[in-house]
Amino acid sequence: MPDRTYLDWNATAPLRPQARAAMVAALNCAGNPSSVHSEGRAARHLVEDAREKVAALVGAESKLVTFTSGGTEANMLALTPAVETAGNKTGCRRLLVSAIEHVSVRDGGRFAPDAVEQVPVTPRGVIDLNALAGRLAALAAKGERALVSVMAANNETGVIQPISEVAAIAHEAGALLHVDAVQAAGRIRCDIRELGADLLTISAHKLGGPKGAGALIRRDEALHPAPLMRGGGQERGLRAGTENVAAIAGFGAAAEAAGRTREADAARMAALRARLEARLKGVTPELIIFGAEAERLPNTTLFALPGAKAETAVIALDLEGFAVSSGAACSSGKVQASHVLAAMGVSPALARGSVRVSLGWMTAESDIDHFIDAWIKVARALVKEGQGMAA
Ligand code: PLP
């Protein structure tokens with residue numbers, strides 16, 4: 001049995017060997033991609049080659065890929081009232097986000113806090129399309145154009161959102177659609193045109209690239225969010241600053257590798273996840289799996305044992321050699337129950353016990369079996385602790 005087993009791929013994925021090799025090669029390239037000499041042109045070539053690979057992963061034209069410092073920055077770049085389209089230079093008055101978005105979207109980007117509204121989700125963790133349509137119709141009747149932001153798949157539950165339906169509803173009401181595909185890209189098919197997204201965010205480190213690189217992809221050239229960073233005019237004026245050539249090269253290599261093995265990896269991970277969930281339920285039948293009735297990413301499971309505390313579970317599993325994460329977030333020294341589970345109507349007590357296990361292309365069947373052995377040990381202690389607390 002290995003010393004450590006990494007089962008937290010939704011937090012970040014290990015660097016793919018192809019990405020590491022591309023980064024090491026790029027670190028030896030001295031030029032600035034904006035310079036006209038040979039060294040500069042060599043660096044430019046690395047950036048443009050990566051742009052094509054990232055574009056291919058999401059079915060976009062490479063000139064519509066803007067490199068950023070990650071998913072968070074791409075979301076910030078997308079979420080601005082100052083977004084121009086071919087027929088509309090006035091921008092968007094309101095931002096509608098689903099209640100389960102990553103905090104980098106939920107915080108509203110560059111919209112004023114009172115211009116941001118949350119759209120509820122169903123108990124299965126899927127956006128409530130009727131609520132979205134109703135709210136958009138009301139805004140359209142007042143002549144208020146909206147930007148809608150809905151994630152392709154949720155980072156905690158893995159629940160996949162009905163993006164093409166969201167797109168149809170948004171476009172029908174004259175709204176624009178931004179999709180945070182950070183968790184979905186490389187794991188399920190994510191084609192910007194098929195999805196109907198106007199803007200799409202992806203992040204390198206979730207698909208085996210380096211941390212600190214991401215991209216905002218546009219559906220057409222006329223769509224222009226106001227830049228966050230102004231200066232040297234890099235990235236077609238959308239993101240100034242000398243490009244992080246090595247990180248971008250690693251991102252491109254990871255995107256290419258993820259795209260090549262996506263279908264085979266997804267089938268393998270779905271089988272591993274099914275094995276994991278069946279065995280978890282077998283040894284702890286009272287365990288609840290969140291979002292299990294909805295379509296989910298093949299690699300993600302979020303579950304809770306009633307009465308157990310997630311922090312204790314995560315620490316105990318860590319001591320057993322497993323890296324997993326808790327659905328609860330710790331801020332200012334307090335553990336807060338997940339906003340995702342709260343939006344799905346899960347009680348705070350149950351949500352506080354939620355543990356996320358996320359798999360990746362390196363996860364093996366033996367990792368799942370060893371995890372179950374550890375879970376049997378840990379769950380016993382967790383239940384005892386819970387009973388002690390209740391007494
Ligand atoms: N969006 C989602 C759904 C995420 O899960 C994350 C990271 O966890 C982000 C955005 C932020 O991406 P990054 O870490 O590249 O800033």
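A salt bridge here is a side-chain nitrogen of Lys or Arg within 4 Å of a carboxyl oxygen of Asp or Glu. By that rule, zero salt bridges are found across the interface of domain 1 and domain 2. Please keep in mind that this is a predicted model.

Let's start with the two domains. The domain assignment of the protein chain splits domain 1 into residues 5-14 and 262-390, while domain 2 runs over 17-256. The table gathers some values for the pair.

| Item | Value |
|---|---|
| Separation of the centres of domain 1 and domain 2, over C-alpha atoms | 28 Å |
| Area buried between domain 1 and domain 2 | about 2,400 Å² |
| Share of that area from carbon and sulfur atoms | 55% |

In residue terms, 28 residues of domain 1 are in contact with 29 residues of domain 2. Three residues stand out on the domain 1 side: Arg 262, Leu 297 and His 339 supply 26% of the area that domain 1 buries against domain 2, more than any other three residues.

Now for a pair of helices. Helix α2 covers residues 38-57 and helix α8 covers residues 245-283; their axes come within 8 Å and cross at roughly 35°. The crossing of α2 and α8 is left-handed.

Which residues meet in this pair? From α2 come Ala 43, Leu 46, Val 47, Ala 50, Lys 53, Val 54 and Leu 57, and they meet residues of α8 including Val 245, Ile 248, Phe 251, Glu 256 and Gly 259. Sorted by class, the contact of α2 with α8 has twelve nonpolar, two polar and two charged residues.

Note on methods. Residues are numbered from 1 along each chain as its sequence is written. This is a predicted model: local features need pLDDT of at least 70, side-chain atom pairs count only at pLDDT 80 or more; totals for chains, interfaces and linings use all residues. Side-chain values use heavy atoms; hydrogens and water are left out. Axes are lines fitted to C-alpha atoms, for helices over the stretch in contact, and angles run from 0 to 180 degrees between N-to-C directions. Helices (H or I, at least four residues) and strands (E, at least two) are DSSP runs, numbered from the N terminus. A crossing is left-handed if the near helix is turned anticlockwise from the far one by less than a right angle, and right-handed if clockwise. Contact means heavy atoms within 4.5 Å. Ala, Val, Leu, Ile, Met, Phe, Trp, Tyr, Cys and Pro count as nonpolar, Asp, Glu, Lys and Arg as charged, and the others, Gly among them, as polar. Domain bounds come from an automatic or database domain assignment. Buried area is the accessible area (1.4 Å probe) that two parts lose on being put together, summed over both.
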